[in-house]
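Dear colleague,

I am handing over the structure below, followed by an account of what was found in it. Please read the account with the coordinates open beside you.

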Amino acid sequence: MIKEFANALSEKMKLGLPGFEAHKLMAPISRPIKNYEEKDYPNAKKSSVLILFYPFNEEIHIVFIKRPSYDGVHSGQVSFPGGKSEELDTSRQHTALRETEEEIGVTSSEITVFGKLSDIYIPPSNFFVFPYLGYTSTRPDFKLDPTEVEYLIEAPIKLLADPKIKSTLKMQRGGE
């Protein structure tokens, strides 16, 4: 089931990624969106994330993490496992796998990476993000790092594909 899903998604991605259109659909209304290229952000910090798919209860799921509260721009946010590139990382993909293991305890030997999505720049934190796709053949035995992850959010992808769950919410940052 999961391998067939990954193969089908990989084939579909060969037809092209939605990049700009997908970013525009989900970005804050006030954020300008364009096709992001790393060369346009030479001073941005580099990071990678892993979008991890796995079978659970006879459905394909995806995992998000809820970051703990701390003094930082991404405090308390929901995200994919991932983080900042380090000097010892051998590639952007290595960063995504290393961070996934550090944050949720899923080792790179358990994960099959099968694709990469469009890069994106995150203005509030000045991060240029490289998103990778991977899967595990079974639901992982998650081991959360409490300094990095408050809790997991596991969601069936069919729920995320439902357009009825998208909504708009006006938020204020830091009393603005």
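A convenient place to begin is the pairing of β2 with strand β8 (residues 151-156), which is antiparallel and extends over six bridges, with Tyr151 in β8 as the bridge partner of Lys66. Please bear in mind throughout that this is a predicted model; the mean pLDDT of the protein chain is 89, and 95% of its residues reach 70 or more. Among the elements of the chain, helix α3 (residues 92-104) has the highest mean pLDDT, at 98, whereas helix α2 (residues 20-26) has the lowest, at 71. Where pLDDT is low, the predicted coordinates should not be read in detail.

Strand β2 (residues 59-66) has further partners. With strand β1 (residues 45-56) it pairs in the antiparallel sense over four bridges, and His61 in β2 is the bridge partner of Tyr54. These two strands form a hairpin with two residues between them, and Asn57 in that turn has a positive phi of about 50 degrees. Strand β3 (residues 78-79) also runs antiparallel to β2, joined to it by two bridges, and there Ser79 is the bridge partner of Ile65. Strand β2 is mostly covered, in that seven of its eight residues are buried.

Turning to the interior, the largest nonpolar core has 26 residues, and those with the most contacts inside it are Tyr36, Leu50, Leu52, Ile104 and Phe128. At least two residues of this core come from each of β1, β2, α3, β6 (120-122) and β7 (127-135), with β7 giving the most, namely five. If neighbours within four places in sequence are left aside, the contacts of Leu52 include Ile62, Val63, Ile104, Val106 and Ile111. A second, separate core has twelve residues, among them Ile2, Met13, Leu133 and Ala155.

The structure also holds nine aromatic pairs. One of them, between Tyr54 and Phe142, is edge-to-face, at 5.7 Å centre to centre and 70 degrees between the planes; this pair links distant parts of the chain, since Tyr54 lies in strand β1 and Phe142 in the loop between β7 and β8, 88 residues apart. Tyr54 is buried, with a relative accessible area of 0%, and Phe142, at 14% relative accessibility, also counts as buried because the cut-off is under 20%. Elsewhere, ring pairs link Tyr36, Tyr41, Tyr121, Phe128 and Phe130 into a cluster.

Finally, two charged ends sit over rings: that of Arg139 over Phe56, 4.7 Å from the ring centre, and that of Lys116 over Tyr132, 5.6 Å from the ring centre.

With best regards

Conventions: Residues numbered from 1 in each chain as written. Predicted model: local features only at pLDDT ≥ 70, side-chain atom pairs only at ≥ 80, totals over all residues. Heavy atoms only, no water. Buried < 20%, exposed > 50% of the residue type's maximum accessible area, 1.4 Å probe, protein only. Pairing = 2+ DSSP bridges. pLDDT = per-residue confidence, 0-100. Core = buried A, V, L, I, M, F, W, Y, C linked by side-chain atoms within 4.5 Å. Contact = heavy atoms within 4.5 Å. Phe/Tyr/Trp six-rings, centres within 6.5 Å; stacked < 30°, edge-to-face > 60°. Lys NZ or Arg CZ within 6 Å of the ring centre and 35° of its normal.
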